[in-house]
Amino acid sequence: MQSKKVKITTDSASDLNELFKTRDIGEFPLFVMLGDTQYLDDVDIDPKMIFDYFENHKVLPKTAARSSEDFYDYFKSYTDDGFAVVHIAISSQISSTYEFAKSASERLDDVYVVDGRSLSSGTGLLALAAADMRDNGADAKTIAETLETRKSSVQASFVVNTLDFLYKGGRCSGLAAFFGKAFSIKPMLQMIDGKITVVKKFMGSFSKNILKYVDAVLEKFDTPDTSRVFITHTYAEHETVDAVRKKLIDYGFARENIIETIAGATITSHCGKSTLGILYLNDGRK
């Protein structure tokens, strides 16, 4: 039996939408800047505000981690109530969030911070796995140790419809962006060793290539835990999402285990509109 109540927390970039509440997972909002105005992701800013701002000003939003003091106050609010905390952070390779959360945890008892080595609902998958363990009575230390062994199995990838946000945000070279615009290249981005890496380039329309992307992912990462798979996107067309859902069902995922989520302001700030990915833990059995 667990000696303490356990609170699972993660940052807003995990893109769990209503699952934050229904699975009792604490959501710690990250900062998003539009011009000189600072917002809290999923609190007072949403992706539509980002699209409108970019359309009107041609200026990209910026994102930022919260301070170690912010994390300390957040974790302490739970430990003061008798909770042990397991926090899953966005990859330390792309954000200082983990570093600040880890620093805060070292000033408190029974706070475990896991470097998720992923982003978006890739991190969310680990948070949900942690919530499953919590609900089955696992203690915080066991949950954190299990996540450390499972995090390398997270399959997190996306196809980006437009390179504007990646290019202007400095996340791909000018040459790559030029060819992307000239020849309608749709890059497939994969989280590898905690970093965002271009692993494949599709030519032509987004809707035409998105199913090729699904095939490519499931052929390479072919031992999925079929109990949960995300379709996470930044306002992709309904028809596109439905086609991906049907393809996943064809691969053996049960309809009720396919979770659609809309990426929040943090992820949207870097990927732009109509990005779509499938994400799952690739540690199931064939």
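**Contacts and overall form**

I began with the contacts along the chain of this predicted model, and found that residues 24 or more positions apart account for 75% of the contacts in the protein chain with a separation of 6 or more. I then looked up the secondary structure, where I counted 11 helices and 13 strands in the protein chain. The radius of gyration is 19 Å, close to the 19 Å that the globule rule gives for 286 residues, so I noted the protein chain as being as compact as a globular protein of that length. Along its principal axes, the C-alpha trace spans about 60 × 50 × 30 Å.

**Surface and charge**

I next turned to the surface, and noted that 53% of the 286 residues of the protein chain count as buried. The protein chain exposes about 13100 Å², and I recorded that carbon and sulfur atoms supply 49% of this area. For the charges I looked up 35 positive and 40 negative ones, whose mean positions lie 6 Å apart.

**Strand S1 and its partners**

I then went to strand S1, which covers residues 5-11. Because 6 of the 7 residues of S1 are buried, I entered the strand as largely enclosed by the rest of the structure. Which strands pair with S1? One of them is strand S6 (residues 83-89), which runs parallel to S1 and is joined to it by 6 bridges; within this pairing I found valine 6 standing opposite alanine 84 in S6. Strand S2 (residues 25-28) also pairs with S1 in the parallel sense, over 4 bridges, and here I noted phenylalanine 28 in S2 as the bridge partner of aspartate 11.

**Two neighbours in S1**

I looked closely at lysine 7 and isoleucine 8, having read that in a regular strand the side chains alternate between the two faces of the sheet. Is lysine 7 buried or exposed? Lysine 7, which is found in S1, counts as buried because its relative accessibility is 8%, and the cut-off for buried is under 20%. Not counting residues up to four places away in sequence, lysine 7 touches Asp24, Gly26, Tyr78, Phe83, Ala84, Val85 and Val86.

Isoleucine 8, also in S1, is at 0% relative accessibility and therefore counts as buried. With residues up to four places away in sequence again left out, I found that isoleucine 8 touches several residues, among them Asp24, Ile25, Gly26, Val86 and Ile88, and I also listed Ala127, Ala130, Ala131, Arg134 and Ile143 among the contacts of isoleucine 8. I checked one spacing as well: the C-alpha atoms of isoleucine 8 and phenylalanine 20, which are 12 residues apart along the chain, are separated by 9.8 Å.

**Two loop residues with positive phi**

Last I looked up backbone angles, keeping in mind that most residues other than glycine have a negative phi. Where is aspartate 110 found? I located aspartate 110 in the loop between helix H4 (97-105) and strand S7 (111-115), and although it is not a glycine, its phi is positive at about 60°. Aspartate 110 is partly exposed, with a relative accessible area of 30%.

Arginine 117, in the loop between S7 and helix H5 (121-135), likewise is not a glycine and has a positive phi, of about 55°. At 27% relative accessibility, I entered arginine 117 as partly exposed, since that label covers values between the 20% and 50% limits.

Notes: Residues numbered from 1 in each chain as written. Predicted model: local features only at pLDDT ≥ 70, side-chain atom pairs only at ≥ 80, totals over all residues. Heavy atoms only, no water. Buried < 20%, exposed > 50% of the residue type's maximum accessible area, 1.4 Å probe, protein only. Contact = heavy atoms within 4.5 Å. Rg over C-alpha atoms; globule rule 2.2 N^0.38 Å. Areas by Shrake-Rupley, 256 points an atom, 1.4 Å probe, with all protein chains shown as cover. Lys, Arg positive; Asp, Glu negative; His and termini not counted. Charge placed at Lys NZ, Arg CZ, Asp CG, Glu CD. Pairing = 2+ DSSP bridges.
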